[in-house]
Amino acid sequence: MFTPAITRVAGLAALAALLLASPAVSAETTYRWIDPNTGRTVISDLPPPPGVRQVTKYTTTIGGGDRQPSYAVRQASEKFPVVLYTSAGCGDPCKQARALLNGRGVPFAEKVLESEDDVTELGRKLGGEAQLPSISVGRQSARGFEPVAWNELLDAATYPATAPYRARTPEKRPD
């Protein structure tokens with residue numbers, strides 16, 4: 001007969017083994033801004049100094065640890081890079097957008113819009129009023145989260161319909 005202490009230790013050991021076996025997930029964040037002193041564009045993995053305006057923050061999610069993306073994904077991402085446009089208060093639509101991209105195993109850069117000027121600039125870039133989340137796949141884009149339209153863009157860019165086994169990136173980013 002097992003005692004509660006032995007059962008608890010066995011349960012903790014099983015949990016630890018499960019956590020160690022799960023694939024690694026990493027996110028790379030890059031910042032872009034214009035240095036007010038020199039007027040030069042700065043691209044860095046470190047946040048800008050306080051007081052710098054019009055900072056663009058890119059977050060690229062990479063799942064599966066050391067796994068290389070499939071040949072098809074590498075080819076598609078070289079020809080048709082994907083950028084997801086979100087904001088800090090986007091909520092469920094942005095979570096659903098990330099889940100769609102991660103479920104298909106699509107590597108993407110996430111641009112978090114932080115000001116009304118950023119949203120206005122995105123609207124000009126996409127050819128109309130900006131809606132978040134939005135996506136650009138190569139030179140094509142879609143405003144607002146519409147899974148059918150997004151899947152059509154990704155299909156046209158030859159991204160696989162589903163991610164290979166264990167290559168999906170779990171959702172970790174809170175809104």
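This is a short talk through one protein structure, moving from the whole chain to its strands, its helices and a few single residues.

Good morning, everyone. Before anything else, please keep in mind that what we are looking at is a predicted model, and that the numbers I quote are computed from it.

Let me begin with the overall picture. The protein has five helices and seven strands, and if you follow the chain from its beginning, these elements come in the order α-β-β-β-α-β-α-β-α-β-β-α. Of the 175 residues, 31% are buried, and the accessible surface adds up to about 11,300 Å², with 55% of that surface belonging to carbon and sulfur atoms. How much of the contact network joins residues at least 24 apart in sequence? If we take the contacts between residues at least 6 apart, the share that joins residues at least 24 apart is 66%.

Now let us turn to the strands, and to strand S4 in particular, which spans residues 82-87. Six of the six residues in S4 are buried, and this holds on both faces of the strand, with Val82, Leu84 and Thr86 on one side and Val83, Tyr85 and Ser87 on the other. What are the partners of S4? Strand S5, residues 108-113, pairs with S4 in the parallel sense over six bridges, and within that pairing Val83 has Ala109 as its bridge partner. Strand S6 is joined to S4 by four bridges, and these two strands run antiparallel; here Tyr85 is the residue of interest, since its bridge partner in S6 is Ser134.

That brings us to S6, which covers residues 134-137 and, like S4, has both of its faces covered. On one side of S6 we find Ser134 and Ser136, on the other Ile135 and Val137, and all of these are buried. S6 also continues into a hairpin with S7, with two residues between the strands, and in that turn Gly138 has a positive phi of about 65°. Strand S7, residues 140-142, runs antiparallel to S6 and is joined to it by three bridges, with Val137 standing opposite Gln140.

Just ahead of S6 there is a detail of the backbone that is easy to pass over. The peptide bond from Leu132 to Pro133 is cis, with omega near 0°, and Pro133 lies in the loop that leads from helix H4 to S6.

Let us move on to the helices. Helix H3, residues 92-103, packs against helix H5, residues 147-156, at an angle of about 35°, and their axes are 11 Å apart. The crossing of H3 past H5 is right-handed. Which residues make this contact? From H3 they are Ala97, Leu100 and Leu101, while H5 contributes Pro147, Trp150, Asn151 and Leu154. Sorted by character, six of these residues are nonpolar, one is polar and none is charged. In the segment after H5 we come to Thr158, which has a phi near 65°, a positive value in a residue other than glycine.

I would like to finish with two single residues. The first to discuss is Gly123, which is found in helix H4. Is Gly123 buried or exposed? Its relative accessible area is 8%, and because that is under 20%, Gly123 counts as buried. Leaving aside residues up to four places away in sequence, Gly123 touches Gly128, Glu129 and Ala130. Gly123 also lies eleven residues before Ser134 in the sequence, and the C-alpha atoms of the two are 9.9 Å apart in space.

The other residue is Val55, whose place is in the loop between strand S2 and strand S3. With a relative accessible area of 13%, Val55 is also under the 20% limit, and therefore it is buried although it sits in a loop. Again without counting residues up to four places away, Val55 touches Tyr31, Arg32, Trp33, Pro48, Glu114 and Asp118. Asp118 deserves a second look in that list, since Val55 and Asp118 are 63 residues apart in sequence, while their C-alpha atoms are 9.4 Å apart in space.

Thank you for listening, and please take a moment to find these residues in the structure yourselves.

Technical notes
Residues are numbered from 1 along each chain as its sequence is written. This is a predicted model: local features need pLDDT of at least 70, side-chain atom pairs count only at pLDDT 80 or more; totals for chains, interfaces and linings use all residues. Side-chain values use heavy atoms; hydrogens and water are left out. Axes are lines fitted to C-alpha atoms, for helices over the stretch in contact, and angles run from 0 to 180 degrees between N-to-C directions. A crossing is left-handed if the near helix is turned anticlockwise from the far one by less than a right angle, and right-handed if clockwise. Contact means heavy atoms within 4.5 Å. Ala, Val, Leu, Ile, Met, Phe, Trp, Tyr, Cys and Pro count as nonpolar, Asp, Glu, Lys and Arg as charged, and the others, Gly among them, as polar. Buried means under 20% relative accessible area, exposed over 50%, partly exposed in between (1.4 Å probe, protein chains only). Two strands pair if DSSP finds at least two bridges between them. Accessible areas come from the Shrake-Rupley method with a 1.4 Å probe; for residues, only the protein chains shown count as cover.
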